[in-house]
Amino acid sequence: GEARSDAAGVVLMIASEALLAVVNAIVKFVSSWSSQKIMVVRLSVDFVLNMVLVFAMGYERPSAKVAARLLLRGGAYCSFLVFLWAALKSCLPLGDVVVVVVAISPLFLVLLTRLFLGEAIPSGWPVQFLLCVVGALLVNKPFAPERDCPVSTTLLPIAAAFAGALMNFASRNVKEVPAPVVCIFNDVVGVSFASAALAVLSPDERVLGPGGELSPGFWLVALSAVFGWAGLLCNVRGYQTVSVAAIAGIASSRPSPWATSCRCHFSVRCPTPSRPRARC
């Protein structure tokens, strides 16, 4: 029934959040790499893993109409990664980026499903969601960056939240397509976009050195790609499975715990001699 489907979808969404949180933490430690270079390596690994899974499971090729939708979803996915990684590599603490993306993206998604798919929103959800988000914002204060951090930088996680909502909204429009197939189209669009951006914005940056050696940090990014691959499969299947009521419920319950955990363990605002532990 719907309740069982929602339960399975919620488990997948929670697993996705955990796996992608690991990816976000790893990316923070590869500050010398541009977002484009990270995308090329990560999505290439993702593509290979998805192709192996597709051939192993014998999934069929989607129709041209569905393929066009998947390519558009890939564009939203690329926008999400660009804005998210720009935010992660900015002066904003990781915890602040996470709380904005995780708290606001579901709001965009619920509104999109209501406006374009006509899915009903639980009557008490707006108040519940507002209270949880306000509480998370009061704890993490994402719109109060450090003095040397431009206020405009806070727009990056908001843009990532909207792009992520578009991506998940698109997942709900291709429920019949297996998650690995959906992700392959993401990878094709993503690698093409990232390769072009790398050539234009960072022409001197290479994955391989002059002697064919791998760039420092390559295996760290490759490791993040494996976690990201598993996380994205869970994300796609989860959003294909759950009802909008379940999305609303889980969205209302997760902003503060995820953000607080990320801040205390990975954020640049963790305790220092000049910054008391009270912030965490």
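Which backbone oxygen lies 2.7 Å from a polar atom of the side chain of Arg 172? Select Arg 172 and Val 242 together: the backbone oxygen is that of Val 242. This is a polar contact, meaning a pair of N or O atoms within 3.5 Å; within protein, one must be able to donate a hydrogen and the other to accept it, and residues adjacent in sequence count only if both atoms are side-chain atoms.

Before going on, note that this is a predicted model, in which local features need pLDDT of at least 70 and side-chain atom pairs count only at pLDDT 80 or more, while totals for chains, interfaces and linings use all residues. Residues are numbered from 1 along each chain as its sequence is written, and side-chain values use heavy atoms, with hydrogens and water left out.

**Whole chain**

Colour the protein chain by secondary structure: there are 10 helices and 0 strands. Helices here are DSSP runs of H or I with at least four residues, strands are runs of E with at least two, and both are numbered from the N terminus. Of the 280 residues, 49% count as buried. Buried means under 20% relative accessible area, exposed over 50%, and partly exposed in between, with a 1.4 Å probe and protein chains only.

Next, select the stretches that the unreviewed UniProt entry annotates as "transmembrane region": 7-27, 39-58, 70-88, 94-113, 120-139, 151-169, 181-202 and 214-234. UniProt positions are given in the numbering used here, feature names are shortened, and annotations may be inferred rather than shown by experiment. Residues 7-27 are 100% helix and 0% strand, with end C-alpha atoms 30 Å apart. Residues 151-169 are 79% helix and 0% strand, and their end C-alpha atoms are 29 Å apart.

**Helix 1 and the loop after it**

Select Ala 7, which is found in helix 1 (residues 2-28). Ala 7 counts as partly exposed because its relative accessibility is 43%. Add Gly 238: the two are 231 residues apart in sequence, yet their C-alpha atoms are 9.6 Å apart in space.

Move to Ser 34, in the loop between helix 1 and helix 2. Its relative accessibility is 13%, so Ser 34 counts as buried. A polar atom of the Ser 34 side chain lies 3.2 Å from the backbone nitrogen of Lys 37. Keep Lys 37 selected and add Trp 33: Lys 37 lies over the face of Trp 33, at 4.2 Å from the ring centre. A charge sits over a ring if NZ of Lys or CZ of Arg is within 6 Å of the ring centre and within 35 degrees of the ring normal.

**Helix 2**

Select residues 35-57. At 1.5 Å a residue, the 23 residues of helix 2 should span 33 Å, and the end C-alpha atoms are 32 Å apart, which agrees. The expected span is 1.5 Å times one less than the number of residues. The buried residues of helix 2 include Gln 36, Lys 37, Arg 42, Asp 46 and Asn 50. Just after helix 2, Gly 58 takes a positive phi of about 70°.

From Gln 36, measure across to Leu 81: the C-alpha atoms are separated by 9.5 Å, and the residues are 45 apart along the chain. Leu 81 is in helix 3 (residues 64-88) and is buried, with a relative accessible area of 3%.

**Helices 4 and 6**

How many aromatic pairs are there? The count is 3. Select Phe 108 and Phe 162 for one of them, which is edge-to-face, at 5.2 Å centre to centre and 90° between the planes. Rings of Phe, Tyr and Trp (its six-membered ring) pair if their centres lie within 6.5 Å; planes under 30 degrees apart count as stacked, over 60 as edge-to-face and the rest as tilted. Phe 108 lies in helix 4 (residues 94-117) and Phe 162 in helix 6, so the pair ties together parts that are 54 residues apart in sequence. Phe 108 counts as partly exposed at 23% relative accessibility, and Phe 162 as partly exposed at 37%.

Also in helix 4 is Pro 106, buried with a relative accessible area of 2%. Pro 106 and Asn 168 are 62 residues apart in sequence and 9.2 Å apart, C-alpha to C-alpha.

Return to Arg 172, which is in helix 6 (residues 155-172) and counts as buried at 5% relative accessibility.

**Cysteines**

Finally, select the cysteines. The structure holds 0 disulfides, a disulfide being a pair of cysteine sulfur atoms within 2.5 Å. Cys 183 is in no disulfide, and the nearest cysteine sulfur, that of Cys 234, is 9.9 Å away. Cys 183 counts as buried at 1% relative accessibility, and Cys 78 counts as buried at 5%.
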